[in-house]
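Open your viewer and keep a selection box at hand. We will go from stop to stop, and at each one you will have something to pick and something to look for.

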Amino acid sequence: AELKMHQFEEQIDFLQFNHKQTSSSDPSLVVALSSLTSKTWGGRICLVHHTPSEEKEGNSIQIVKDVVTPGGNSCIAWITEEMFVSAGDDAALHFWSKSNKYNNPVKSLRGHQDIISSISVDFSGRQFVSASWDHSIKTWSSDSQHALQSHQHAHKDIIWEVSWQPNNANVFASASQDSTFKMWDLRAPAPSQVKVNAPLYSIAFSSKDANVFATGDGVGTLRGYDARNLSETLWENRSHTAPIRRIAFRDGADSSIVASAGDDGKVLLFDSSSKTITKTIEHGEFVRAISWDHTGASLAVGGWNRKLHVVQM
């Protein structure tokens with residue numbers, strides 16, 4: 001595997017490849033950054049163009065847009081090829097256009113009362129879900145940019161992550177500090193719930209098998225589930241020695257690979273078929289962000305050591 005690196009001035013809390021883009025010359029990765037100056041959190045949002053090293057000499061990571069934000073940024077998600085939404089410390093949702101020459105959001109929305117910790121967009125891009133430290137979950141229309149549903153007491157503690165089920169406009173999952181994950185169906189009166197023995201920090205669906213998803217907990221355990229049978233796990237692996245902060249199923253042909261990022265400074269690649277760790281990436285400090293490109297050939301990794309690594313598989 002080949003690795004490229006860019007050093008930021010702020011810690012990386014989230015990043016995401018744009019799977020909706022049609023041109024390889026367009027910015028392909030958006031990065032959410034935060035920094036503490038004295039007693040005040042600030043941040044930046046950067047659009048990054050990543051080119052495989054075979055196609056370009058020198059550093060293949062290029063910053064093409066750099067926006068300073070008044071607060072820290074904890075999550076970000078592409079809605080279309082052109083638009084993405086970010087959120088964080090100010091409890092607001094900010095909509096951005098990558099081609100807008102002005103460094104300000106095209107629109108901002110408020111609805112949560114505390115830090116927004118996670119955003120997930122459905123497969124069509126027409127709606128998305130947000131989760132907050134205020135224990136609430138809200139669904140929004142991407143078109144009208146208005147709230148569709150609000151669950152004020154979705155969990156009993158901080159909701160760390162939400163993930164929309166691929167190819168399903170009605171189902172998403174949430175993971176919380178209260179040691180539960182919930183499966184939400186917009187057509188049902190109440191969600192299904194599973195309680196485990198540690199706080200849950202991460203949850204993600206497989207893009208190939210939409211019924212399969214994984215959770216990461218506070219003691220470093222990665223678990224796989226089938227959404228049709230939540231009473232049993234598909235696999236369980238405890239190779240991290242600290243909380244798992246992010247999970248990403250590999251896209252492309254080798255979709256059995258699940259990447260997990262931990263506060264132990266490592267990214268582990270777990271083969272869900274053989275149920276073994278196939279690779280360990282030593283990133284350093286807390287790893288808070290991972291994302292595969294749409295081919296599964298590149299894995300972007302970021303964390304509190306302020307380094308962005310793109311690993312070519």
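This tour takes in model confidence, two sheets, a few single residues, two turns of the backbone and the cysteines.

**Stop 1: colour by confidence**

Please keep in mind throughout that this is a predicted model. Colour the chain by pLDDT to begin: the mean is 92, and 94% of the residues reach 70 or more. Now select residues 55-59, where pLDDT stays under 50. For this stretch the model has 4 contacts beyond four places in sequence.

**Stop 2: the sheet S2-S3-S4-S5**

Next, select strands S2 to S5 and show them as a cartoon. These 4 strands form an open sheet, in the order S2-S3-S4-S5, with antiparallel pairing. Which strands stand at the edges? They are S2 (11-17) and S5 (61-69); each has a single partner strand, so one side of each is left without a neighbour in the sheet. Look along the sheet to see the turn from strand to strand: neighbours are rotated by 20 degrees against each other on average, direction ignored.

Keep S5 selected and add S4, residues 40-50. The two strands pair in the antiparallel sense over 8 bridges. To see a matched pair of residues, pick Val48, which stands opposite Ile63 in S5.

**Stop 3: Ser74 and its surroundings**

Now move to strand S6, residues 73-78, and select Ser74 within it. Is Ser74 buried or exposed? Its relative accessibility is 17%, so Ser74 counts as buried. Show the side chain of Ser74 and the backbone of Ile116: a polar atom of that side chain lies 2.4 Å from the backbone oxygen of Ile116.

Then widen the view to the residues that Ser74 touches, leaving aside those up to four places away in sequence. They are Asp13, Phe14, Ala87, Gly88, Ile115, Ile116 and Ser117.

**Stop 4: two residues with positive phi**

Two loops come next, and the angle to check is phi. Most residues other than glycine have a negative phi. Select Gln145, in the loop between strand S12 (137-141) and strand S13 (147-151). Here phi is near 55 degrees, a positive value in a residue other than glycine. Gln145 has a relative accessibility of 13% and so counts as buried.

For the second case, go to the loop between strand S27 (298-303) and strand S28 (307-312), where you will find Arg306. Arg306 is not a glycine either, yet has a positive phi of about 70 degrees. Switch on the surface here: Arg306 is partly exposed, with a relative accessible area of 37%.

**Stop 5: the sheet S22-S23-S24-S25**

Select strands S22 to S25 for another open sheet. Its 4 strands run in the order S22-S23-S24-S25, and the pairing is antiparallel. The edge strands, S22 (244-249) and S25 (276-282), each pair on one side only. Neighbouring strands in this sheet are turned by 20 degrees against each other on average, direction ignored.

Now narrow the selection to S22 and S23 (residues 257-262), which pair in the antiparallel sense over 5 bridges. Two residue pairs are worth labelling. Ile244 has Gly262 in S23 as its bridge partner, and Arg246 stands opposite Ala261 in S23.

How many residues of S22 are buried? The count is 6 of the 6, so S22 is largely enclosed by the rest of the structure.

**Stop 6: Ile247 in S22**

Stay in strand S22 and pick Ile247. This residue is buried, with a relative accessible area of 6%. Beyond residues up to four places away in sequence, Ile247 touches Ser202, Ile203, Ala204, Ala214, Thr215, Gly216, Leu222, Val258, Ala259 and Ile290. For a distance to draw, join the C-alpha atoms of Ile247 and Lys307: the two residues are 60 apart in sequence and 18 Å apart in space.

**Stop 7: the cysteines**

Finally, select Cys46 and Cys75 and show their sulfur atoms. How many disulfides are there? The count comes to 0. Cys46 is in no disulfide, and the nearest cysteine sulfur, that of Cys75, is 16 Å away. Why is there no bond for Cys75? The closest cysteine sulfur, in Cys46, is 16 Å from its own, which is too far for a bond.

Turn on the surface once more before you leave. Cys46 is buried, with a relative accessible area of 0%, and Cys75, at 1% relative accessibility, also counts as buried.

Key:
Residues numbered from 1 in each chain as written. Predicted model: local features only at pLDDT ≥ 70, side-chain atom pairs only at ≥ 80, totals over all residues. Heavy atoms only, no water. Disulfide = S-S within 2.5 Å. Buried < 20%, exposed > 50% of the residue type's maximum accessible area, 1.4 Å probe, protein only. pLDDT = per-residue confidence, 0-100. Contact = heavy atoms within 4.5 Å. Polar contact = N/O pair within 3.5 Å; in protein donor to acceptor, adjacent residues only side chain to side chain. Pairing = 2+ DSSP bridges. Axes fitted to C-alpha atoms, helices over the stretch in contact; angles between N-to-C directions.
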